[in-house]
Amino acid sequence: MRLLLALSAALLAGTLHAHSLTHSAQPGSAVIVELHYADGSPFSYESTEVYRPAESVPFLVGRTDANGRLAFVPDRSGDWRVRTFSEDGHGGDFTVAATPDSDSSAPSAGLSTVAALAVGLSVIFGLFGIWSVFVRKRS
Amino acid sequence: MHIPDGFLSPQTYLPAYALAAGGWAYATRELRRRVDETLLPRLAVLTALAFVLMTVMLPLPGGTSVHASGIGILAVVFGPWLTFAVVSLVLLLQALVLGAGGVTVLPVNALAMGLGGSVAACLGYRLLAPRWERAGLFAAGWLAAVVPAALVAVVLGLQPAIAHTSDGQPLFFPFGLSVTLPAVLIPHAILGLGEGLLTVLVVSFLRRR
């Protein structure tokens, strides 16, 4: 009887132990990717997938947080692919160079919106301007 | 409205490139036939306006943001083929300079917005303008927002059926038509009201000049 009790106690302890959840926070070892629209509003609660370099099975599947951020902890070096998409067709598919346990950040979006607007408008007026010179010559 | 790179399968964008190439060839011929000293500055200014409208995002209540396109204005003033040509130029610039949209998805965006949107806008305008000029302009703007949105939603929603792994996992955009149609169409039906108003204001202003 005593043996039976001891056995069931051991089994119960085992089951209880199996249900416990442990966690640990390691500040600084994750790559944080911030996603926002061009006007600065965050890409919140949208689907994301993260892939190890040269792998096709996702390493991480989830959603961005309220501030449009997603985080992952790289376990190997290389270009990690990040895919993110909203149901209405917004999103992106890009790579982030990351190494385990080191600082890393998403590639910057390049030009700011104002600079990009200036470049785009210059190209448009430049193209039509040059074209009008040729049209004037012909006529 | 722009579909970003990586959302569409090659089975979608390669045939779209073939189709758009034909359209671009015809549009270029049309442009060369109609070009003169008075057309070019007007085309340049309205192309620049479309570029700015498509780049500047307006925040909407509820956390999302939208942008106008100016396609209704271009379609009413210049017709569908010139609109297709200049909208394709704007989309190419946005892909190269801003990283909005993309080079692989360019023909799909150009066909949906530049051709689909402008043909619908012209039809709406021609139907209503003989009796109600302003209603025709408003309809042109609204259709120029809603018809491309519907085309984009259909192309996105078909992706899971077009490209998937042997066990049915979508390789590109993961949501089907039942998700994309309401998610894209409802905001654009509302955005279209603003686009319609903008078309009435800008085209009326241009006609007074």
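Let me begin with a definition: two residues are in contact if their C-beta atoms, placed from the backbone, lie within 7 Å. What we have here is a predicted model, in which local features need pLDDT of at least 70 and side-chain atom pairs count only at pLDDT 80 or more, while totals for chains, interfaces and linings use all residues. Residues are numbered from 1 along each chain as its sequence is written, and chains are lettered from A, with ligands numbered from 1, in the order in which they are written.

I will take the interface before turning to chain B. On that contact criterion, 31 residues of chain A meet 33 residues of chain B. The elements that each supply at least two residues to the side of chain A that touches chain B are β5 (78–85), β6 (91–98) and α2 (113–138), where helices (H or I, at least four residues) and strands (E, at least two) are DSSP runs numbered from the N terminus. Of these, α2(A) gives the most to that side, with 14 residues.

Now to chain B itself, which has seven helices and two strands, arranged along the sequence as α-α-β-β-α-α-α-α-α. The C-alpha trace of chain B spans about 60 × 40 × 30 Å along its principal axes. Of the 209 residues of chain B, 52% count as buried, that is, with 20 or more other C-beta atoms, placed from the backbone, within 10 Å of their own. Finally, if we take the contacts in chain B between residues at least 6 apart in sequence, 73% join residues at least 24 apart.

Terms used
A residue is buried if 20 or more other C-beta atoms lie within 10 Å of its own, exposed if 12 or fewer, and partly exposed in between; C-beta atoms are placed from the backbone.
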